[in-house]
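Got the viewer open? Let's take a walk through this one, selection by selection.

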Amino acid sequence: RALSESIRKTTLLLFCQNPVKSEKDILVEGTNQNRAFNGDLVAFEILPKSKWKLNKSELMTNLIGNSSKETALPVVGDAEISFKGKVYNSTNVEDKYLQKTAKVVGIIEKIHPRKAMGYGKVYNKNFALFSALDNRVPRMLIPLKEFPKGFAERPKDFADNLMIGLVKRWELNGKFAMGSLLKSIGGDKDDLVSAATEGILTENDLDDSPFPDDIDAEIPDFEITPEDVAKRQEFDFRKKCVFTIDPATARDLDDACSVEEIGDGLYEIGVHIADVSHFVYPGTTVDDIARERTTSVYLVQRVIPMLPRKLCENLCSLNPGVDRFSFSVIWIMKKDGTVVSTKFGKS
């Protein structure tokens, strides 16, 4: 199951998704992480019940809830809770107040890219110590020769330089991982935003390269044929009130809504998404690039589109006052939201 993490104080806590959906996720602590990274697909082993932890938050909720007229509050310790003269710990509570624990026994698929943005400092005559901004990534030793010229002699000059490190090897009992420097991206006050943006893109393997110059030639022009009208006549919303929920500056309006009162206390509710499949065919360059990018990425100051602008800002943008192809789901609902019927179709 995929691994997720949270930071509490200075302790790294990880949670594995429980295969039993009705049960809580499973806690993995410290070295039981076994070098797995956030998001990895792992195999884990449930530890003996004697090593399970007291789920203090759930127990406290129960104790306080059952004593609503009681002004005293539970006293919380490291591994126990005292309340009204009784001490509760992992040995004397019901299983529902226990947090199962586990250890990772194998990494099935490395989903985390093992890249991270951070800073380096001289560690010894051969290595620099790289510390990632994301403290879920281990510190790593990187050969000094991979750093920019002058780094070893003038480390203060590079104190604010953001860099990208790659974890290459992490031994079972190693204090640090071994890594490689992918790039130095700068980061002084004048270009901090652009440097941080480049770092975010690199450490998340996000492709921001331009689309090929000739890619628009693959995209058909917009045209409504009699065949299109026949296929979509049941879902023709061109004369109805269809609206988007987007800021005024938005350029890619890929979804929209419609609401119409149809009598007898019923409403027709529509959700409409741009019909990209009308323009993008399997096996084309556009399709291949979109598969790799998966989604558009919205940063603070820029957008990295999944599709060429001809599509995302024009043909597949549900702009006001122009005909567009979409795929719609239509619900007939009562006033209280009860669904009476549902239909799907090209519109």
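What follows is a set of stops, each with something to select and something to look at. One thing to keep in mind as you click: this is a predicted model.

**Stop 1: a small sheet and its helix**

Start with β6, β7 and β8. They make up an open sheet of three strands, in that order, and the pairing is antiparallel. Which strands sit at the edges? Colour β6 (75-76) and β8 (86-89): each of these pairs on one side only. Now add helix α1 (residues 56-65), which packs on this sheet and touches β6, β7 and β8. Line up the view along β7 and you can check the direction of α1, which makes about 10° with that of the strand.

Zoom in on β6 and β7 (residues 80-83), where the antiparallel pairing runs over two bridges. For a pair to show as sticks, take Val76, which has Ile81 of β7 opposite it.

**Stop 2: β18, β21 and β22**

Next, select residues 266-274 and 326-334. These are strands β18 and β21, an antiparallel pair held over nine bridges. Where in β21 is the bridge partner of His272? Pick Ser328 and you have it.

Keep β21 on screen and bring in β22 (residues 339-346), which pairs with β21 in the antiparallel sense over seven bridges. Two cross-strand pairs are handy markers here. Val329 stands opposite Phe344 of β22, and Met333 faces Val339, also in β22. While you have the sticks on, recall that in a regular strand side chains alternate between the two faces of the sheet.

Then follow the chain round the turn. The hairpin of β21 and β22 has four residues between the strands, and there you will find Gly337 with a positive phi near 95°.

**Stop 3: a long jump to α2**

Time to measure a distance in your viewer. Select Val193, which belongs to helix α2 (residues 192-203). Is Val193 buried or exposed? Its relative accessibility is 55%, so Val193 counts as exposed. Now draw a line from its C-alpha to that of Ile330: the two residues are 137 apart along the chain, and the atoms are separated by 43 Å.

**Stop 4: around helix α4**

Select residues 285-293 for helix α4, and show Val286, Asp287, Ile289, Ala290 and Arg293, the buried residues of this helix. Look down the axis: they cover an arc of only 165°, which puts them on the same side of α4. Turn to the other side, and Arg291 and Glu292 are the exposed ones there.

What do the buried residues pack against? Show β20 (303-304) and α5 (309-315) to see their packing partners. Before moving off, step just past the end of α4 to Thr294, which takes a positive phi of about 75°.

**Stop 5: salt bridges**

How many salt bridges does a search of the whole structure find? The count is 23, and here are some to visit. As a general point, side chains of opposite charge can pair when their charged atoms come close.

Since you are already at α4, pick Arg293 again. Its side chain meets that of Asp207 in a salt bridge, 3.7 Å from N to O. The pair links distant parts of the chain, with Arg293 in helix α4 and Asp207 in the loop between α2 and α3 (226-232), 86 residues apart. Colour by accessibility and the two partners look like this: Arg293 counts as buried at 11%, while Asp207 is partly exposed at 39%.

Now select Asp208. This residue forms a salt bridge with Arg302, and the closest N and O atoms are 3.5 Å apart. Asp208 is in the loop between α2 and α3, and Arg302 is in the loop between β19 (297-298) and β20, 94 residues away along the chain. Asp208 is partly exposed at 37% relative accessibility, and Arg302 is partly exposed too, at 32%.

Swing over to Glu29 and Lys53, whose side chains meet in a salt bridge at 3.5 Å, N to O. Glu29 is in strand β3 (residues 26-29) and Lys53 in strand β5 (residues 53-54), so this pair ties together parts that are 24 residues apart in sequence. Glu29 has a relative accessible area of 29%, which makes it partly exposed; Lys53 is partly exposed at 38%.

For the last selection, take Arg232, Asp275 and Lys346 together: a network of salt bridges links them.

Technical notes:
Residues are numbered from 1 along each chain as its sequence is written. This is a predicted model: local features need pLDDT of at least 70, side-chain atom pairs count only at pLDDT 80 or more; totals for chains, interfaces and linings use all residues. Side-chain values use heavy atoms; hydrogens and water are left out. Buried means under 20% relative accessible area, exposed over 50%, partly exposed in between (1.4 Å probe, protein chains only). The arc is that of the directions from the helix axis to the C-beta atoms. Contact means heavy atoms within 4.5 Å. Two strands pair if DSSP finds at least two bridges between them. Axes are lines fitted to C-alpha atoms, for helices over the stretch in contact, and angles run from 0 to 180 degrees between N-to-C directions. A salt bridge is a side-chain nitrogen of Lys or Arg within 4 Å of a carboxyl oxygen of Asp or Glu.
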